[in-house]
Amino acid sequence: MKKVLQALIFVLAFQVEVRVRASSDTLQQPTACLKSAESCALHVVGPAFHLKQGELELHATEGSTLMRLSHNQWRLMKGVLWVEKAPEVTVETPYATTKGSHGQYWLIDRGDRLIVRNINADLNVELRDGKKLEVPAGFEFWVSGINSKGKNEYGMIQTVEMKDHLVLWNKLFKGSKEQFKKEVAELRENWSDLGERGGSLYEKIALRQIASIQEGQRQEAEKKRQAQVERQKTRELMFRRAFDR
């Protein structure tokens, strides 16, 4: 509750305060807070936001709203965040919390759902309902809100949608066109075995799902057996009472 209230205060501050464009094309609350170690909220009003502080390097698209809770703990409230470099960083979102290290990944807010896209990081995701997932390098999945059963809706982990990724990547890439083409080629080379790895991943997921279904069936059968045993005991007890009188 405290975190939600804090987020609302920051958002209201953006709406109420005089809109002063920062040198980094962001609105910051408190003013120029990125230069200090305090909590900081920012809204990207320029074409893109780029932050490099020590080993941490982040990028966000225009219209994104972020909160820095600490050096290695952030919150994406809306927009697109690219974690390019970070020894370890945690990012909270309305649908899930990601913990990534030693690599880069993306969080893409699509309004009703969040896409978690792992490029080459060690990436773990905890959904709002407590479910934990590991996202392999070169894969992504989407997650949305809590359903009527108290569980997050989410999609199957699949290979990165390259066409969509290149568009977003190009928007935030700071180097030249030649550098971008070179890195795209290197990425394609590194992901040359994604199809094979994807097939193996889907097989593992399917086997886990089958095992889960079988376990559910076993538990249901056991419940029925226990219920049958209890009914039998009840009938025997009633029979003895009837003939003992």
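Colleague: What makes the charged end of Arg113 count as sitting over the ring of Trp142?

Modeller: In this predicted model, the charged end of Arg113 lies 3.7 Å from the centre of the Trp142 ring. The distance cut-off is 6 Å, with a further limit of 35 degrees from the ring normal. The Arg113 charge is listed as sitting over the ring of Trp142.

Colleague: Why is the pair Trp82 and Trp106 called stacked?

Modeller: Ring centres must lie within 6.5 Å, and planes under 30 degrees apart count as stacked. The centres of the Trp82 and Trp106 rings are 5.0 Å apart and their planes stand at 10°, so the pair is stacked. Trp82 belongs to strand S7 (residues 80-85) and Trp106 to strand S10 (residues 105-109), so the pair links distant parts of the chain, 24 residues apart. Both residues are buried.

Colleague: How many aromatic pairs does this rule give, and which residues form one aromatic cluster?

Modeller: The count is four aromatic pairs. Trp169, Phe173 and Phe180 make up one aromatic cluster.

Colleague: What is the order of the strands in the open sheet, and why is one side of S1 and of S13 left without a neighbour?

Modeller: The eight strands follow the order S1-S2-S5-S6-S8-S9-S12-S13, with mixed pairing. S1 (26-29) and S13 (132-135) each have a single partner strand, so each stands at an edge with one side free of a neighbour in the sheet. On average, neighbouring strands are turned by 20° against each other, direction ignored.

Colleague: How do you know that S1 pairs with S2?

Modeller: Pairing requires at least two bridges. Four bridges join S1 to S2 (residues 40-44), and the two run antiparallel. Gln28, for one, has Leu42 in S2 as its bridge partner.

Technical notes:
Residues numbered from 1 in each chain as written. Predicted model: local features only at pLDDT ≥ 70, side-chain atom pairs only at ≥ 80, totals over all residues. Heavy atoms only, no water. Axes fitted to C-alpha atoms, helices over the stretch in contact; angles between N-to-C directions. Phe/Tyr/Trp six-rings, centres within 6.5 Å; stacked < 30°, edge-to-face > 60°. Buried < 20%, exposed > 50% of the residue type's maximum accessible area, 1.4 Å probe, protein only.
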